[in-house]
Amino acid sequence: MGEKRLIFNLQKFSLHDGPGIRTVVFLKGCPLRCAWCANPESQSPDMQILWDGGQCLRCGGCARACPRGAAALGAEGVRIDPTACVGCGACVRQCPARALSCEGSWKSAEEVLRVCMQDQPFYEESGGGVTLSGGEPLMHPDFCAALLGALRERKVHTAIETTGYAPAADFDRAAALADLLLFDVKHWDEARHVAGTGVSNRAILDNLRRAAASGSEVLPRIPVIPGYNDAPADADGFRRLLREAGLSRVQLLPFHQFGEKKYALLGRAYAYSGADALHEEDLEDYRRRFLDGGIDAFF
């Protein structure tokens with residue numbers, strides 16, 4: 001329980017990451033690079049510095065404070081070189097306008113457990129619990145196993161939000177300790193999956209099928225992304241995939257723009273800038289293709 005990992009958020013009183021009132025533990029690091037990612041700060045497993053240009057005084061104090069020369073003030077503002085930055089926080093401490101912030105803090109599973117157990121009465125009253133998320137939490141299999149095991153000993157309901165992209169042994173160990181798998185499925189077609197996420201979906205679909213066959217409670221979720229997997233043929237492909245895996249329910253997650261500002265804070269371009277968000281009413285025909293094929297699709 002003493003090994004520490006970077007946690008970029010401990011979100012209490014969540015109502016959207018499993019049943020009841022939950023605490024969500026967000027771990028940094030993800031092997032996928034989804035162009036629409038709403039939490040781009042979750043992708044790197046390292047400490048990151050975020051810069052808010054609207055707050056910055058352009059004083060240059062951060063550049064002078066950085067011991068590795070990773071921070072620089074230019075015509076477009078402050079830029080942090082991720083190849084040189086070690087996340088020491090010297091630039092953050094020096095900033096008088098609080099325009100810089102560290103993304104992530106090192107915590108052990110025991111420290112996270114203590115925070116989670118503060119809300120045990122709410123879990124018991126609402127049928128809630130704790131959800132591990134990210135990033136991809138299974139990039140940290142030992143940490144997840146330790147935390148899930150400790151929560152299980154305390155009879156707290158647990159869930160994992162996962163891309164499913166993990167070695168089979170790590171995935172199976174975590175799945176055996178969790179009460180619920182919230183399993184994101186980005187695309188049914190391997191070539192399209194690689195194009196959108198940077199990785200193959202073979203291991204992902206193997207883990208999905210194995211989890212469904214094992215009797216684990218699995219809720220597949222599809223982030224519906226405009227121009228990527230929102231066509232009628234995509235709904236049909238997903239439906240076939242789920243039926244072959246023996247799954248009868250799926251949650252549809254319409255594309256939104258909630259994470260757009262984070263790209264600017266990280267100094268990164270956002271591929272979906274200006275794209276219209278999708279709403280439930282936009283996806284009724286898409287949803288109907290699941291329902292007509294015997295899959296309970298909901299938002």
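Mentor: Helices (H or I, at least four residues) and strands (E, at least two) are DSSP runs here, numbered from the N terminus. We're looking at a predicted model, where local features need pLDDT of at least 70, side-chain atom pairs count only at pLDDT 80 or more, and totals for chains, interfaces and linings use all residues. Residues are numbered from 1 along each chain as its sequence is written, and side-chain values use heavy atoms, with hydrogens and water left out.

Trainee: OK, let's start with the sheet. Which are its edge strands?

Mentor: Pairing here takes at least two DSSP bridges between two strands. By that rule, 9 strands make an open sheet with mixed pairing, ordered E7-E1-E2-E8-E9-E10-E11-E12-E13. An edge strand pairs on one side only, and that leaves residues 105-108 and residues 296-298, that is, E7 and E13.

Trainee: Which strands of that sheet does helix H8 touch?

Mentor: Touching is contact, with heavy atoms within 4.5 Å. H8 covers residues 202-214 and packs on the sheet. Its partners span 180-184 and 218-224, so to speak by name, they are E10 and E11.

Trainee: Back to E2, then. How many bridges join it to E1?

Mentor: E1 takes in residues 4-14 and E2 residues 22-27, and the two run antiparallel. Two of the pairs are easy to find in the viewer: Leu10 with Val25, and Gln11 with Val24. The bridge count for E1 and E2 is 5.

Trainee: And on the other side, which residue of E8 does Val25 stand opposite?

Mentor: E8 is residues 129-133, and its pairing with E2 is in the parallel sense, over 5 bridges. Val25 sits in one of the two partnerships we just met, as the bridge partner of Leu10. Opposite Val25 in E8 you'll find Leu132.

Trainee: How many residues of E2 are buried?

Mentor: Buried is under 20% relative accessible area, exposed is over 50%, and partly exposed is in between (1.4 Å probe, protein chains only). One face of E2 carries Arg22, Val24 and Phe26, the other Thr23, Val25 and Leu27, and both faces are covered. E2 is largely enclosed by the rest of the structure because the buried count is 6 of the 6.

Trainee: What about the loop leading into E2: which residues does Gly20 contact beyond four places in sequence?

Mentor: Gly20 lies between E1 and E2 and is partly exposed, at 25% relative accessibility. Its C-alpha is separated by 16 Å from that of Phe299, a residue 279 positions away along the chain. Leaving aside neighbours within four places, the contacts of Gly20 are Ser14, Leu15, Ser126, Gly127 and Gly128.

Trainee: Ser108 is in E7. Is it buried or exposed?

Mentor: Look at what surrounds it first: leaving aside neighbours within four places in sequence, Ser108 contacts Met1, Gly2, Glu3, Lys4 and Phe143. The relative accessible area of Ser108 is 6%, so the verdict is buried.

Trainee: Any odd backbone geometry? Which residue does a cis peptide bond join to Gly134?

Mentor: Head for the loop between E8 and helix H5, which spans 141-153. Omega is about 10 degrees for the bond in question. The residue joined to Gly134 is Gly135.

Trainee: Arg58 has a positive phi without being a glycine. Is that arginine exposed or partly exposed?

Mentor: Its phi is near 55 degrees, and it's placed in the loop between E3 and helix H1 (61-65). With a relative accessible area of 40%, Arg58 is partly exposed.

Trainee: And Arg98: what relative accessibility does it have?

Mentor: Arg98 also has a positive phi, about 55 degrees, although it is not a glycine. Its loop runs between helix H2 (90-94) and strand E6 (100-103). Arg98 counts as exposed because its relative accessibility is 73%.

Trainee: Last one: what distance separates the C-alpha atoms of Ala271 and Ala235?

Mentor: Ala271 is in the loop between H10 and helix H11 (284-292). It's exposed, with a relative accessible area of 62%. Ala235 is 36 residues away along the chain, and the C-alpha separation is 23 Å.

Technical notes. Axes fitted to C-alpha atoms, helices over the stretch in contact; angles between N-to-C directions.
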